[in-house]
Amino acid sequence: MRLSGCRSRPLIGYLKALGLLRVISTQADPSTRGRWSGGVFELRTELTCDELAAFMLDRYAPSPVVSPWNGGSGFHPNDRKDAILALEQTTEPRFAADRRTIRTAREALSHIGIVDKPSTVQKLPLVRELRRKLPDEALPWLDAAIIVTGEKVSYPPLLGSGGNDGRYDFSNNYAQAIVRCLLSSSRDGSLSSLSAALEGGVTGLQRKLSLGHFSRDSSPTNSPYGEADSLGNPWDLILAVEGTTLLVAGAARRHGSALGGALVAPFTVYSTAAGYGSAVSGESGRAELWLPLGSRWATAAEVAMLARESRAQVGRGGARRQARTGLDFARAAGALGVARGIDGFERYAILERAGQSSLAVPAGKVSVSERPGAAAIQSVDRWLTSVLRFGKADTCPREIAIAIRRLERSSFALASRGDPNDACAMLEAMGAVEHAFACSASTAEAAGMLPLRRANAAPWIDAASDGTPEFAVAVSIASMHDAKPRSPALRDYLHGTENAGSKFDGGRRHAVHAGGPIQMLAAIHARRHLDAARAEALTSGDENGSAEARVTAAADKNARQRVEFDYGVQCDIRTARLLVADQLDERRILRLVYGLALLDHRAQPPLEFARATPDAVSPIFDVLAIAWMGHRLRGLPQESKDMLGPRPGWAARLAANAITPVVVDAVLRLRTSGQPVILTPRDLLAGSPSSTRLGPRLGAALLLPLGQADIREIADRITIRKPIDDKNQQRKET
């Protein structure tokens, strides 16, 4: 049977499916099984549709559901008691368990001496008394509604605060629904309501019947008429309450008091305000429910066992832990850290959007499949956890809280979907958070926040590679680092940290400031030359003369070996030309660099990015590139190599858009090194677009490390000489 009225969304549809499976398998057909298909519940049973309906109307014995620890439950002076009394007074055999349960509840209240609504202090002894004396048939509801861990009472959020939602008591309304359907209603009317509950439709709705947060849309009264009486199908409530008794908290028994509050319930975690359109940061929310969806046939006992296990773990090895937030659960689903046989989860956020009452907001489906983003997030797990915790603190400044909120949204998107765009968005958000902390180092220090350290770049490159030239440029720039740092690292220039990002610097002495993204990269290139020369002067032992004189003297000696970063992912020459030609999204490049620079690229293997097409012709960049990096060519005589490489002031002049002296000097050095260029400086400058941004674009592009093949291709094409034969040169050297 395909039951269109039992869908995984809204919440009451999911619970109805579980309730029907439980009732039919325990009372009518033990071979009954169920599964989810396209968001609709399917039931496989030996009963025909007519036989199933006849069983529900004539022989179905409702589960005993009482909540005497709550006001409004029907056991206290000011409560509505008509439904409880009707069940207590009926003589039908199928209500025998209900009668015993109601009688036992009254005896427990009398034994403890409770004559009015129980106080907070009285709840724990009352629950313990009920557990000792209630019939076995009533224990599933007790376990679903309230849990005792040590000396503490916990409430699974699915049933509010121990079986009530504000002033709404589930057990009393359940009793009223039973009376309407099985004791006081006509058989035809009850059959019509049952058909609508299982097959879908609006027939059989009755006034003054609320379904609580199981089926509440934007109206607290669940009414299309504003403040009019609520409308509901009593069979919806009966089956939904039956379904909740399958979701019993077994995790609390395994983990004890280590899992408190919402986490004692199966598939329940703390809220993450991300992943759905109405998510609001700081909104009062009890928890999230992640209800499993499986396409394989399962019995009610198997579903109950799955709920008791409710495994959702994040991390690997010794760092493995139970999921505690919605983000953790999404990560567990993307890293196969959940029980086998689950295809996905229907996510619900239990929020307080109706005064003291709750609203179960559908927050989308998340599939269970291995996603690259899970490994990427795992590499920053500890840092991310501490950052998100600080973002919810009252002491978190607004600008930092906004950046952290964006990080939370992007991390959830990456964990739940795993698209490269999601990974790029999270990288950008990570960079924004780090920059916000760096700009407020005192706040970060007071909160105990540290820069992100030792996060492997490899899983991030794997998750975020989107094939765009912007990403290739960002990886190439962000990956540049020194084997033994002598100068500030790239992330120090970007964020204002110090010692390669080991700590925040309140003075932000190394931070580079410039106009736009291109100007920023060009200025970093110029600053790198200056700092490298200064480091060489300080280590050369030259104590004579001024600091400027020492820097200049050191810069004149073997400058090219000191200004370059030791390592970095090589960039395709065509992609670099696109950057010079202003054909790339430079703002996106810089946003990605801010995030990628936080990662550890030392173990990053060589990457193969697709070659950019079409190629952008840029003779002036080619000439400067061969002058800048020509010393890397194998086969060149040593005296030629010594003449090539960046010279003092080149990067600074390009950043200031003073292109002419750099081009003239570069052409002269190429000629002196035996690699004369086929174009004169005048030809190069005349053929280049006149723009105040050309110099900074050249400075930014020359920051990119090019590969041997690209450098050789430029040298063979624009210089007047015979192509270099690497093999012959190696034989000569041998």
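Colleague: What is the sign of phi in L336, just after α12?

Modeller: L336, which follows α12, has a positive phi, near 55°. As background, most residues other than glycine have a negative phi, and most peptide bonds are trans. Bear in mind that this is a predicted model, where local features need pLDDT of at least 70, side-chain atom pairs count only at pLDDT 80 or more, and totals for chains, interfaces and linings use all residues. Residues are numbered from 1 along each chain as its sequence is written, and side-chain values use heavy atoms, with hydrogens and water left out.

Colleague: Why is α12 called largely enclosed by the rest of the structure?

Modeller: Count its buried residues. Buried means under 20% relative accessible area, exposed means over 50%, and partly exposed is in between (1.4 Å probe, protein chains only). In helix α12 (residues 326-334), nine of the nine residues are buried, so the helix is largely enclosed. Among them are L327, D328, F329 and R331. By the way, helices are DSSP runs of H or I with at least four residues, strands are runs of E with at least two, and both are numbered from the N terminus.

Colleague: And what makes α24 largely enclosed?

Modeller: Helix α24 (residues 573-580) has seven of its eight residues buried, so it earns that description too. The buried residues are I573, T575, A576, R577, L578, L579 and V580. Right after α24 comes D582, with a positive phi near 60°.

Colleague: Which other residues have a positive phi, and are they buried or exposed?

Modeller: Take N499, in the loop between β16 (497-498) and β17 (503-504). Phi of N499 is near 55°, and its 52% relative accessibility is over the cut-off, so N499 counts as exposed. R508 sits in the loop between β17 and α21, with phi near 50°. At 17%, R508 falls under the limit and is therefore buried.

Colleague: Where is there a cis peptide bond?

Modeller: It joins R9 and P10, with omega about 10°. P10 is in the loop between β1 (2-7) and α1 (11-27).

Colleague: Why are α7 and α9 called oblique to each other?

Modeller: Two packed helices are described by the angle between their axes and the distance between the axes. Axes here are lines fitted to C-alpha atoms, for helices over the stretch in contact, and angles run from 0 to 180 degrees between N-to-C directions. For α7 (residues 170-184) and α9 (residues 234-244), the angle is about 125° and the axes are 9 Å apart. Now the cut-offs: under 35 degrees is roughly parallel, over 145 roughly antiparallel, 65 to 115 roughly perpendicular, and the rest oblique. The angle of α7 and α9 fits none of the named ranges, so the pair is oblique.

Colleague: What about α3 and α7: why are they called oblique?

Modeller: Helix α3 (residues 82-89) packs on α7 at about 55°, with axes 8 Å apart. That angle is in the leftover range as well, so α3 and α7 are oblique to each other. The crossing of α3 and α7 is left-handed, a term for the near helix being turned anticlockwise from the far one by less than a right angle (clockwise would be right-handed).

Colleague: Which residues of α3 and α7 meet?

Modeller: Contact means heavy atoms within 4.5 Å. By that rule A83, I84, A86 and L87 in α3 meet N172, A175, Q176, I178, V179 and L183 in α7.

Colleague: How do you know that C181 counts as buried?

Modeller: C181 has 5% relative accessibility, so it counts as buried. C181 is also one of the α7 residues that meet α9. C439, at 47%, is between the two cut-offs and so counts as partly exposed.

Colleague: How many disulfides does a search of the whole structure find?

Modeller: Zero. A disulfide here needs a pair of cysteine sulfur atoms within 2.5 Å.

Colleague: What makes L521 buried, and what does it touch?

Modeller: L521, in helix α21 (residues 517-539), has 3% relative accessibility, so it counts as buried. Leaving out residues up to four places away in sequence, L521 touches I477, L590, A700 and L703. L521 and A700 are 179 residues apart in sequence, yet 5.1 Å apart in space, C-alpha to C-alpha.
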